[in-house]
Amino acid sequence: MQKYFRKIAQITLVLVYLVIVAGAVVRMTGSGMGCPDWPKCFGYYIPPTDESVLNWDKNKTFEKGQVIIHSEALKVAKTDFTTSAKYNASNWEEYTKHDYAIFNVWHTWIEYINRLFGALAGFATLILAALSFGYWKKNKRITILSWLVVFGMGFQAWLGATVVYSLLEPVKITVHMVMALVIVAMLIYIIYKTSETDKIYKASRNLYKLLWASLIVTLIQIIIGTQVRQFIDLQIDIFGEDAKSQWLMNPTLQFYIHRSFSIFVGVLNLYIAYLIYKFELGFEKIRWVLLLLLLEIISGITMYYVDFPFGSQTFHMVVAAILFGVQFYLVLEASKTKSSLNSL
């Protein structure tokens with residue numbers, strides 16, 4: 001089964017990126033509370049498509065754990081029962097995790113699809129971990145990392161629950177994003193280490209350090225970007241979904257840092273590309289880094305000057321996550337040869 005292992009690792013990585021895409025759509029559409037409970041959605045494995053399902057009515061059958069919205073609050077059925085002619089409070093208990101009690105069918109299904117992608121990615125990581133035992137004698141690190149990915153996905157699911165219970169607390173959203181990138185890095189490491197290519201690159205200690213520096217500043221940019229996104233969320237609450245031209249009125253310091261820091265990120269990667277091409281070091285993936293950086297800059301400028309066209313926020317976030325992955329792969333490629341030459 002080892003010949004399929006790397007392919008499954010690649011599929012798992014794609015699924016994890018799909019979770020990141022779905023999470024970005026959730027953020028863009030404000031659907032984070034579309035399912036106010038976890039892991040079910042309004043107490044259902046398959047969420048409702050109509051608000052009437054969540055309304056109390058006479059002669060209506062409910063199962064234990066199912067949720068209704070009553071008196072602007074979430075009520076949870078204590079047991080299986082059929083309602084009588086009048087509402088009986090003794091059949092219900094208050095949902096105590098939070099006090100958010102709004103149903104929006106689009107938000108609910110966007111969040112539900114996000115969770116489905118997460119479950120699918122989690123299942124793929126289990127298959128990967130099971131197959132990784134074939135590498136135990138050859139390379140124990142692959143087996144250990146494969147199981148760390150499983151635990152990482154479990155931790156990520158728990159984080160997702162705490163994000164919901166906290167009513168989308170900003171710090172927890174940021175940690176949720178960083179954890180996703182950690183999982184991406186572990187999967188990329190597994191893919192790289194199980195590669196059959198013997199391609200040797202020229203390199204230097206300086207290039208290796210510069211690639212690490214580039215990866216770290218990208219991660220910092222992503223973290224700052226999540227803070228900027230949280231500011232925009234607050235602006236949306238104040239001005240509304242349609243007042244896009246006002247979302248960046250009086251921006252916080254984080255916005256200016258994020259915008260200015262992007263210049264440093266671009267210059268650093270251009271310098272790395274210059275060294276690679278000047279000394280003919282190989283590392284063709286630097287082209288992908290430059291292309292992704294260009295797309296990041298264009299999408300950032302578009303959001304600022306064209307008032308956040310639909311999908312631009314999701315695109316910006318997803319490209320940043322892909323950029324992180326490509327840069328990490330470059331670091332791994334340079335790690336083999338980091339001391340093979342003198343410093344440039």
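A salt bridge here is a side-chain nitrogen of Lys or Arg within 4 Å of a carboxyl oxygen of Asp or Glu. Keep in mind that this is a predicted model, in which local features need pLDDT of at least 70, side-chain atom pairs count only at pLDDT 80 or more, and totals for chains, interfaces and linings use all residues. Residues are numbered from 1 along each chain as its sequence is written, and side-chain values use heavy atoms, with hydrogens and water left out.

**Stop 1: the strands**

Select lysine 75 and glutamate 94, whose side chains form a salt bridge at 2.2 Å, N to O. Lysine 75 belongs to strand S3 (residues 73-77) and glutamate 94 to strand S5, so the pair ties together parts that are 19 residues apart in sequence. Helices (H or I, at least four residues) and strands (E, at least two) are DSSP runs, numbered from the N terminus. Lysine 75 is buried at 12% relative accessible area, while glutamate 94 is partly exposed at 46%. For those words, buried means under 20% relative accessible area, exposed over 50%, and partly exposed in between (1.4 Å probe, protein chains only).

Stay in S5 and add tryptophan 92, plus phenylalanine 81 in strand S4 (residues 81-82). Their ring centres are 5.3 Å apart with the planes at 80°, so this is an edge-to-face pair. Rings of Phe, Tyr and Trp (its six-membered ring) pair if their centres lie within 6.5 Å; planes under 30 degrees apart are stacked, over 60 edge-to-face, and the rest tilted. Both partners are buried: phenylalanine 81 at 12% and tryptophan 92 at 5%. Now widen the selection to Trp56, Phe62, Phe81, Tyr87 and Trp92, which ring pairs link into a cluster. The whole structure has 17 aromatic pairs.

**Stop 2: helix H2**

Move on to glutamate 111 and arginine 115, a salt bridge with its closest N and O atoms 2.9 Å apart. Both sit in helix H2 (residues 105-131), 4 residues apart, about one turn of the helix. Glutamate 111 is buried at 7%, and arginine 115 is buried at 14%.

**Stop 3: helix H8 and its partners**

Pick lysine 285 and glutamate 333 for another salt bridge, 3.2 Å from N to O. Lysine 285 is in the loop between H6 and H7, glutamate 333 in helix H8, 48 residues apart. Here lysine 285 is partly exposed at 28%, whereas glutamate 333 is buried at 5%. One more selection shows a network: Arg27, Arg229 and Asp233, joined by salt bridges that share partners.

Back in H8, what does tyrosine 329 pair with? Its partner is tyrosine 192, with ring centres 5.4 Å apart and planes at 90°, so the pair is edge-to-face. Tyrosine 192 lies in helix H4 (residues 170-193) and tyrosine 329 in helix H8 (residues 312-335), so parts 137 residues apart in sequence are tied together.

**Stop 4: H6 and H7**

Show helix H6 (residues 253-278), where the end C-alpha atoms are 38 Å apart, in agreement with the expected span of 38 Å. That expected span is 1.5 Å times one less than the number of residues. Among its buried residues are Phe255, Val265 and Leu268. Just after H6, glutamate 280 has a positive phi of about 50°.

Finish with tyrosine 305 in helix H7 (residues 286-305). Is tyrosine 305 buried or exposed? At 60% relative accessibility, tyrosine 305 counts as exposed.
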